[in-house]
Every structure is written in C-alpha cells, then in structure tokens.
Amino acid sequence: MRFKLASCMDAAFRAMVFTMLLNTLPAYDIELKRHSPFHFTAEPADTIALHGEPAELNCSVYSESAVRLEWKKDGTLLNLDGDGHRSLLRHGALHFSHVLHSKDPEPDEGLYQCVITLDGVGIAVSRTARLVVAEPPHITLHTAAVEVSQGNGVLLHCEVHGKPPPVLLWQKDGKLLPTDPRVTILPEGALEITRATVSDAGKYRCVAENVAGTRTSKEAQLTVVSDSSTYERPAFIRRPVDIAVLAGHTALIECSAIGHPRPKLQWTKRGNIMPEREKRIMMVGGGHLKIDNTTTNDSGIYKCAVLGMNETLEAKAELKVLSSPRFLRRPRNMWAREGADLDLPCDVTGNPAPSVTWVKNGDVVIPSDYFQIVDDFRPLPAPHPSSLLIPNPSDWAAGGQELADGPVPSMPRDLVATLVSTRFIRLRWRAPAEQQGDALTYAVSYVNDGGHRERVVNTSKPGELRVTVENLQPDTEYSFRVVAFNEHGPGQISPALRVATQLEVQLPGPARDLHAEPNSPTSLLVNWKPPLSPRSTILGYRLYYMQRTPGADGEKEVDVSSPMYEMTGLKSHMEYGIRVVALNRHGLGVSTEDVVVRTLSDVPSAPPHNVSTEVQNSRTIILHWVPPPLEKQNGRIIGYRIRYRRRGRREEVESIEGQQLWHQITGLERGTQYLFRVTAMTVNGTGPFSDPVTAVTFEDDLDESRVPEQPSSLHVRPLTNSIVVSWTPPAEPDLLVRGYLIGYGVGSPYTETVKVDGRQRYYTIEKLESNSQYVISLRAFNNMGQGVPLYESATTRSASDPADPSEEDLFVLYPDPFTAAPDPLSPMFPPVGVQAAVMSTDAIKVTWADNSLAKGHHPGDARIYTVRWKTYFSTNVKYKMANTTALSFLVDGLKSSTLYEFSVMVTKGRTSSTWSMTAQVTTKEAVPSSPPKDLTVISKEGKARTVIVNWQPPSEANGKITGYIVYYTTNKAAEMHDWIVEPVVGDRLSHQIHDLTLNTLYHFKVQARNAKGMGPISEPISFRTPKGNSGNC
C-alpha cells in the first residue's frame, strides 16, 4: 500500500505532514519540508483511572522549532482555558486533577490524541489512547446450588463484569480453594471440578476484584452423592464454541461432559486425533484443549468427541489465530519538488488484513485525481506518454535557487552505479565541493529511456551517499541525476548518468535446511545449506530476521559470506522469525521459508509492580501484585517469592508456584506493622525485589460474615460551594466496617461517589454549585458488600448569602435524635411519550409526559427530570445530561445536520426510574462554516492550456454538499465579482479549466455550497501555466 500525489505539486504541498494511522499501531510522520524535523518522543497510552483520583496522559515532542501542542477528546480539540480539573503540563502531558465518572454530564472517559502543530508546515496526530474510569465488579450471574454424582464433573457458574476485567477467585466454606489439578477456573470465570469426591461438597462462592473494588457472589451448595452402578447417558456440560486468539497467546477450547461410567473425551482436527499431552498442546480440566504459543497453523476446525459406553456425542468449534497489524515497510521523511510524482510507501500485514488510513494534518484524506492509494510498489505506467511531469531536471536547481533564502549546495560529484541487477541499481556519489551546511540530504531523480514520467527516491538519513533504486524493468536504460538539499533548499543537479538494467536471468534458488537454535539468552546460531541449483557462483547470503511480537520493528538484515552465522545482541526469551536469501552475480534469489526460534530465558529484569496489602484480621494479611512488564520478564514466570518482616526481626521468606498474583500470609502478631517485598521467578532464578510496602494487623478481630448495618446518623451542613457531611458508625460495634461510600448529586444521590476510610467520621464535598439542592447518601461496606444507605438532602447557600467566615467549621457528631431509617422505596416509572422537535440548526426541544402525575397536574413534589443526549451514530461519545423540574427542556449548542438521540429519567427523593424510550431527530442544515481545504492545481498531461483543480471537502460542511464554485483570475487584487467563475455540480473534488494562457500566473479559490447556501471561500493559491506551445506540462 502506498500513497501517491499526482504531478505538478503546488508550493503549498512542499510543506505538509502526512500521518498514517494503522489500527493499534503507532503513527509515523512523513514530512515534506525545508525545516528541521519534529516528531513525538512519547505518545499517550491506554489508561485506567480511578474516579476522583488524578490521572495523566503522556505526550512529548522533539522539535528544533517552536510547536503548539494541543489535545483532542473523541475527535474534538479540548479548550483547557478555565478548565476546572484538566490542565496541560509543561512537558506536554494532559493532567487530570480528579477524573470524572461516566455519570457526570461531561465525563473524562473517551479517546484522546495529542496534536502538535508547526505553523506554516502542518500537524501531526499521535496514536489514539483510551481513558477508562475503573468500575467495581458487577456479578451478573450468581452461583446456583447443584448436585453431582461422585466421580462425575460439575460446573459452577459465575459471570462478572467490571472495568478493568476483574480477577476471579473461588471460596469454599468461606476459605480460598486450595490448588488442585482437578479444579479449573475457566476464562469467563466458571469453576469446573472433575472427578468429584465427597470431600468436594460444601458452600461455594466467587470473589471478583479489580482496582475499583471487590464483590462476592451468593453462596451455593454443592452436594456430592455416593457413586452408584446406575447407567447415566453421557451429556455435555460445556460445549466448544468458536474462539479467536492472537498469535503467541494461549487458546483454551472448552469441552466437558458427564455420564456414568465417566465418558472419555477425544479431540480431532482434520480427522487426526490430537495428543492429550505434548510440548504445546494438552488436555486440561474435564477435557478442555489447551494450545500454548499459538501460530497461524493452529487455525482450523476442532471436534470434541464424548465416547460413552453405548453412544458417542460430537461438537465442533473453530479456532482462529489472529496476528496483530505490523509494518513491513514504514513511511519515512521525504523531500519533494514541484512537478514530480510523489510516492509515500507503506506496507502492512496482519490477520485479518488491517485497514490503512492516510491522514493529512489530522484530517482523513479522500482519494481523488490528486490523491491516489496504490496497492503495490511497482512504478505506475504513465497514462499519457506525451505528458512530461518534470519538464527538465535542470529546472530543479534553478527553481531551488530562486526559492532559496540562503546559499544552496553545488552539484554532487562522481555519480556511479556500484551494483546493477535486473530490477534494481545501486548508486553512489561524492558530496558536493560546496556543501553550504551540514547534514545534507539527497534525492535521486530517474526516468527510463523514452519515458516521460520522472520519479524520485530519497536517501534514508542525512549524509548518506548511496541509494538503491528498486522496482526497475529488466533490460531497460535509465537516466539518473542526484541533487543535494540543505536547510535552504535543493542545490545544483548533477549531470545525467545512463545505466541499463541487466537481462532477466536465473537467480539462485532457496537455501536448504535452514536451522536456528538458541545459543544464550541474547544470541542464536543459524546455519543452512547452499541452494541445490545455484545457476552461478554464490557470492554470499542475506539473512533477514524480525521479532515476532505485536508492534515490533520491521525486518532487519545482515550480509553473510558463509552458510553459518551467530546472531548476537538479541532480547532474552524473544521469538524471532528468520529467513535467508542467496546472492549470485545476477542478484538476490528466492527466499527460504521463515523458521521461528526463541532465545533462552533469563532472570526477570524488573520486579512485580502495583504491590498492595489487604489486612484480613489480627493475624492475616493478603498481598496482591501485578507481574513485571512482559518485555522485562525474560521468560515464563513460574512463581513468586515474598520476603516480609516486622521491625527489628529477621526476614521470612515464602514462595508461590504458578501464576497466582496474590498470597495470604498467616500467623502474624496482633497490632504489628510488617514490611513486604515481592520478586518474580523464572527457571533461571529470581529477579529484583519490589519496593517495600507496609501493613498493620488489627488489634482485635471483628465480625465480617455479613455486610455492615446502616450508619446510626447522617448530618449535612451546606455552605456556598460545599457541603460538610458527618455521621456516626453503625450501632452494632462487633461488625467490621472497612469504609464508607458517600454518593451525591443534584436531585439524585448517584451522580458522584466518594470512598473514605472506615475510621473517618466526616467529609467535605467540594466544587458544588451554589443555591442547588443536592441529595446525599451514605452506606458502610466491608468485604461482604455494601450495607443499607442513609439519605439526606441539602441546598447550598446562595452566592449572595455566604456563610459567616467567623463561624467555626465544627459540628456535633452524636446529636439526638438520630436520622430515622428510610421507609421501603416505591418504584418510579420512567417518563413516556418522549418527543424531540427541531428548533434551529443547533437547538432541539425535548418534551415528555409523566404518568405518575394526576391528570392536569404539574410537577410540584421536588421531582427532578434528567435529560440525556448524544449523537446517534457515535459509539465512543458519552452522553451529556441536564436536569429540569419541567416536562420539557431545550437542548442547544448542538451540531448542524446531525442525528441525535434523547431519553429522560425521573428522580424523586431517594428513588429514580429507568431511562425512557429514546427519541431521535436531526438538527437543521446550516451553510458550510469552513472553506474547502487542501486546494491544489496541476497541469493536465498533454494539454498545456488545461489545469486540474483539486480540493478536499470542508471540515464543517453542516449538511450534504451539493456543489462547488471555482474562482480564478490573473489579478489577485481584483474584486471577487471580477473573478471568472466555473460551477461544479455534486460532490466532485476536482475540476478542469481549459484554454488558459501559456506562461501566465493564475490565482484560484474554491467555495462549497449546500441546500442552505454558500460557505466561506478558500484562501487563494497560485499556479503558473507552462512555457512554450509543445503541449506538455
């Protein structure tokens, strides 16, 4: 895939930036410029943040010139001036002082991009990063009681959702399940026990945990009945389902069954029986097929057969092994001159085939006569042989000197061909005698004999004095010239060098028996045999290798003289793809197939991170952690080692085998502070230890077998922009309270939530609106869950009536009487008959009815209606919300000609309804509010008096574009009514203008129109028609 710009490029396009965005791959900038480069040194990454906590999205830039750095959220530039919680740090990062939840009218969740602008040049846009606000686990399917015959398998279900996906653990009779090869936790959380025994009977529950909280399911009784001789037909308890995994990851195709006698399970692929255990493939649990380190060869249909005594059951599933997108050929910086075709190469691969999008200055480029996307790297044949896209290469130097604002280099010297093959030529030259600066770059122009389309190839880095011109035709003579560029522009072009490619000849066949094996954690030993039919003397070999990981750099190459080579400087426990190509005097031959080999493992080079503690009781502490970063693990993590001690005592050590990311340490002393450190282990040994974390055991044990009671009291004290909340703990002192959840919002206590420590007794809710009524809820929680909430309401003071500053901020913690417990809540029914009426180009009026009101009555009992809306086709855009006490609401500030959806919810006191049915409507069209962009003019091939004007649609069309108007003149200062006008009907993005005067400077503008009228006119661009009457450009 490559991006192609047609010939006769105008001056404006010599200074612009293209950014290619490819799915999840990082962006690469391609700059056509006469200034110092600029690029990202750090780009934002996907981030999970806690509600109310600070967060940061990183972005930094390298540039020798001043650049402007901004941020986009969901495709829209952020205005950070006066923003209450978001700010731009000096190094470019976007800082959130407190992250807003998705329930907020303007939540922080969304897609973010860092945008850098170099005035007069263009814009580069970073990769897209997703900011997700963590949400506690939510159990959607609780475990149910089940009975199983001894010796059979059983499945206990538990479905959990959360952000990020929670870690799932299982407990039996209130204790964590011990490690047992018969027990398997399936990917979606279900617990499978194979060959059940009487000792498996008990009460089971699942525990889900992520950074936002912990949830525990209801307990379910598992009953195991004694084995009997009664025949039981085999039956599936888990059928295989289609799955897709990334290459290199583990695939688990589930399948399990019950019956008496216990049936045997057998897996087949394409009729071949799968092994029950080998290096990568094994059966686990009740018969699930586990495939480690998957490759694309593992894709296919797998069949699970249940072999009973008298019958056989079969079920099948498809495994798709996907590969992440990666670059085979990356874009790079390029010089270009007016009048030359320009190819911006980009070659990608992946499974499924990735989609490629080209973006200029942050806007997606729409293909046209000017912009073309080509699906291969072969030179395009000239559609009109008479067209000369570059009139005379010597004009390059003349044109460059006219435009240069300083001294330019003299011509490069001694241009020679050092290697000539059938389809490529390698050129070399010496630097100019007068370089006029450092870090020169070079461009080679070439054209085949009798051809009219001249092409350009650039050196890959400053100062490089050679280039390989590829994709040539065999037995064809070409003319080559080279020119040097400095900071002021192109210098003098060299005399032409004429070289003919060789005849198509027989190239070497593939090398044989390619073999690679690890030699150390950082080296591989590769050997092979020469081709069977070399057809001529083998001069050497070229070895290509590449990391087989998502986002890895492209292939690297090394020239080798003999059929053996030791690759050094590699990464530990990294998988590499290797291939070899033989070389004879005619060029490179046929490549071998890739062989895949992994370097040896090593000890981890980084410790586990996010180490945290959880005090269970007076003698037990649970430690949690996250593995070291994947690139620092240097092998398969086989376990962890924990060192802990109390002050003044020697360290104690405990080891954990496997992938468990938590450990319970028991037998500790009451009321004592302990220090903990964790390290990861591979088969080679342990890595560095984490930074120490501390925890203090409880003095006494409290009951945590049930959720806490309701707090004894809740009191609120409103101020102008804050409310002070105070409370007393639940009346039952023996129940453990780990903390309190404070909810608050205008008309609803669920808009915002704050979590505080269990020892805290007051909290100040800040940054509130003055003279607004807030509903506040308070509930206690522990590891068993959340208790019953207590509610209060308060109205903040008016700004004109602030609190007395001399009044002390004190309050009674134990006043009498206490707030009474709430009555049982009656359900609220959602509003009905929601309608949306368009009022203007940016405003829509939403109306509804409330069936819970008496006929003819209006809301008067403090009920609040919440209206939410978003654009209909947007999946990543969050809802915006507003509250009202009326049965209608005017939503303004909307986009023109955009489809929106609306819904309404009602809240009364402590109860809220569900959301109503949605209503959709499209705002009215408006005239375009921005002009067409990327205006260019090129000569038409073979017709010197005809030009083609190209453009891209307006960024803000505000409706369907019905046509354009092209203006042109030879007098740039003339009034608009004196310019010549040519209309364009429809949404075409190019127009031909005929019968122009030769060697004349023309000025062009374009204006878009829709059904509502004409938009603004673009800035003018200038173009001089060719000289002479040859008919060529």
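Buried means under 20% relative accessible area, and exposed means over 50%. Keep these cut-offs at hand for the exercises below, which work through a predicted model.

**Exercise 1. Decide whether Tyr576 is buried or exposed, and do the same for Gly271.**

Solution. Start with Tyr576: its relative accessible area is 3%. The cut-off for buried is under 20%, so Tyr576 is buried. Now take Gly271, which lies in the loop between strand E30 (264–269) and strand E31 (272–273). Its relative accessibility is 65%; exposed begins over 50%, so Gly271 counts as exposed. As an extra step, look from Gly271 to Tyr302: the two are 31 residues apart in sequence, and their C-alpha atoms are 9.2 Å apart in space.

**Exercise 2. Classify the aromatic pair of Phe96 and Tyr112, then the pair of Tyr545 and Tyr576.**

Solution. A search of the whole structure gives 17 aromatic pairs. For Phe96 and Tyr112, the ring centres are 5.8 Å apart and the planes stand at 90 degrees. Planes over 60 degrees apart count as edge-to-face, so that is the class of this pair. Next, place the partners: Phe96 is in strand E11 (residues 94–96) and Tyr112 in strand E12 (residues 110–118), 16 residues apart. Both Phe96 and Tyr112 are buried.

Turn to Tyr545 and Tyr576, with 6.5 Å centre to centre and 55 degrees between the planes. This pair is tilted. Because Tyr545 belongs to strand E51 (residues 540–547) and Tyr576 to strand E54 (residues 575–584), the pair ties together parts 31 residues apart in sequence.

**Exercise 3. Work out the order of the open sheet that contains E41, E42 and E45, and find its edges.**

Solution. Go pair by pair. E41 and E42 run antiparallel and are joined by 5 bridges; they form a hairpin with 4 residues between them. E42 (residues 425–430) also runs antiparallel to E45, with 4 bridges. The order of the 3 strands is therefore E41-E42-E45. Strand E41 (413–420) and strand E45 (466–469) each have a single partner strand, so they stand at the edges, with one side of each lacking a neighbour in the sheet. On average, neighbouring strands are turned by 25 degrees against each other, direction ignored. To check the register, find Arg426 in E42, opposite Leu419; Arg426 also stands opposite Thr468 in E45.

**Exercise 4. Find which rings have Arg579 and Arg868 over them.**

Solution. Arg579 lies over the face of Tyr544, 4.1 Å from the ring centre. The charged end of Arg868 sits over the ring of Tyr879, at 4.2 Å from its centre.

Conventions. Residues are numbered from 1 along each chain as its sequence is written. This is a predicted model: local features need pLDDT of at least 70, side-chain atom pairs count only at pLDDT 80 or more; totals for chains, interfaces and linings use all residues. Side-chain values use heavy atoms; hydrogens and water are left out. Two strands pair if DSSP finds at least two bridges between them. Helices (H or I, at least four residues) and strands (E, at least two) are DSSP runs, numbered from the N terminus. Axes are lines fitted to C-alpha atoms, for helices over the stretch in contact, and angles run from 0 to 180 degrees between N-to-C directions. Buried means under 20% relative accessible area, exposed over 50%, partly exposed in between (1.4 Å probe, protein chains only). Rings of Phe, Tyr and Trp (its six-membered ring) pair if their centres lie within 6.5 Å; planes under 30 degrees apart count as stacked, over 60 as edge-to-face and the rest as tilted. A charge sits over a ring if NZ of Lys or CZ of Arg is within 6 Å of the ring centre and within 35 degrees of the ring normal.
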